[in-house]
Amino acid sequence: MRARSDTEVTSIREAYALLGLHGPVDGAALTGAFRQAVKAARPDLPGGDADRFRRIIAAWRLIQQTGPGHLALAAPASRPAARPVIRLTPIQAVNGGSVAVAIGSRALRVRVPPGLRSGEHLRLRRATADGGDIYLAVLIRPTDGLSAMGDDLFMTWPVSPRVLEDGGRVEIDTHAGTRQAWVVADMQAPVRLRLRDLGLPARGSRAAGHLYVTLMPCADAPSSAEDLLARFTRVWTADRLAA
């Protein structure tokens, strides 16, 4: 387990992907995408993430820095057709499967392999009317408290404040089942754990990612000891104890 603090945005393409876009858009659409992304990443809200929040702000600043060059170009006479995009949930990106895609007036069912990343393209061979190929830009949207960035997945998990103070075992319900981790005493919230190889699966030259879990103190979350006591109470009734 180790913390990850890398908030650098290395390219304008990555900056647009962090805002949920696949290329330059007009000012109103860009501002709207930024507000939506930064609100979803706010660390003080459920499902938020401090690192993702900082990366989105860094992406916005990078786009603003390169913006004047785009704004200086003359507006096109007609709006170009939107590039086709295949939108995946993090679970679909992990497992692959059949996904519905709208291409113009057509609705298709596309088979996607496990391990696609945002910013990649999925090729549909001979999918156009004249037999040409279509390239679908991949975009992974945060869903049900789980988000993807690069190779890694991110989520939050409530824990008892006593666990953060005294340390102990934490059981985390992940997309791959229940996983256990140990917390050292007197750690300052928020605490982030790394669960190895539970991110997006390996694909091509990309290694398997990790799952980063941010532990958030919650008074209603039982500790492991309290959970064991609750299980004992449910199983060992008064009749069993008397026997």
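This report covers two sheets, a pocket, two aromatic pairs and some single residues of a predicted model.

## Four-stranded sheet

Four strands make up an open sheet with mixed pairing, in the order β6-β7-β11-β10. Its edges are formed by β6 (147-149) and β10 (191-195), each of which pairs on one side only. On average, neighbouring strands of this sheet are turned by 30 degrees against each other, with direction ignored.

Within the sheet, strands β7 (residues 152-159) and β11 (residues 211-217) run parallel and are joined by seven bridges. One residue pairing across this contact links Trp157 to Leu215, its bridge partner in β11.

## Three-stranded sheet

A further open sheet has three strands in the order β1-β5-β4, and its pairing is mixed. The edge positions belong to β1 (85-88) and β4; each has a single partner strand, so one side of each lacks a neighbour in the sheet. From one strand to the next, the twist averages 30 degrees.

The mixed pairing can be followed strand by strand. β1 and β5 run parallel and are joined by four bridges, with Leu88 opposite Ile140 in β5. β4 and β5 also share four bridges, but in the antiparallel sense. Here His121 has Ala137 of β5 as its bridge partner. Strand β4 (residues 121-124) has two distinct faces: Leu122 and Leu124 are on the covered one, while His121 and Arg123 are on the uncovered one.

## Aromatic pairs

A pair of aromatic rings is described by the distance of the centres and the angle of the planes. The model has two aromatic pairs. In one of them, the ring centres of Phe34 and Trp60 are 4.3 Å apart and the planes stand at 25 degrees; planes under 30 degrees apart count as stacked, so this pair is stacked. Phe34 belongs to helix α2 and Trp60 to helix α3, so the contact ties together parts that are 26 residues apart in sequence. Both Phe34 and Trp60 are buried.

Phe154 and Tyr212 have ring centres 5.5 Å apart and planes at 15 degrees, so this pair is stacked as well. Phe154 sits in strand β7 and Tyr212 in strand β11, so the pair ties together parts that are 58 residues apart in sequence. The same two strands are the ones joined in parallel by seven bridges. Phe154 has a relative accessible area of 5% and is buried. Tyr212 is at 2% relative accessibility and also counts as buried, because the cut-off for buried is under 20%.

## Second largest pocket

Rolling a probe the size of a water molecule over the atoms shows where empty space is left. The second largest pocket holds about 730 Å³ of space. Its lining consists of 32 residues, and those nearest the centre are Ala17, Leu18, Ser118, Ala148 and Met149. Two or more lining residues come from each of α1 (12-18), α2 (27-41), α3 (50-71), β5 (134-140) and β6.

By residue class, the lining of this pocket divides into 13 nonpolar, seven polar and twelve charged residues. Among the contributing elements, β6 is an edge strand of the four-stranded sheet, and β5 belongs to the three-stranded sheet. The helices α2 and α3, which also contribute to the lining, carry Phe34 and Trp60 respectively.

## Residues with positive phi

Asp144 is not a glycine, yet its phi is positive, near 55 degrees. Asp144 lies in the loop between β5 and β6. Its relative accessible area is 80%, so Asp144 counts as exposed.

Asp197 is likewise not a glycine and has a positive phi, of about 60 degrees. The loop that holds Asp197 runs between β10 and β11. At 47% relative accessibility, Asp197 is partly exposed, because exposed requires over 50%.

## Arg169

Arg169 is part of strand β8 (residues 168-174). With a relative accessibility of 24%, Arg169 counts as partly exposed. Its C-alpha atom is separated by 5.7 Å from that of Ala181, a residue twelve residues apart from Arg169 along the chain.

Methods
Residues numbered from 1 in each chain as written. Predicted model: local features only at pLDDT ≥ 70, side-chain atom pairs only at ≥ 80, totals over all residues. Heavy atoms only, no water. Pairing = 2+ DSSP bridges. Axes fitted to C-alpha atoms, helices over the stretch in contact; angles between N-to-C directions. 1 Å grid on protein atoms, 1.4 Å probe; cavity = no way out; pocket = protein on both sides within 12 Å on 5 of 7 lines; lining within 4 Å. Points joined across faces, edges and corners; volume = space filled by probe spheres on them. Nonpolar A, V, L, I, M, F, W, Y, C, P; charged D, E, K, R; others polar. Buried < 20%, exposed > 50% of the residue type's maximum accessible area, 1.4 Å probe, protein only. Phe/Tyr/Trp six-rings, centres within 6.5 Å; stacked < 30°, edge-to-face > 60°.
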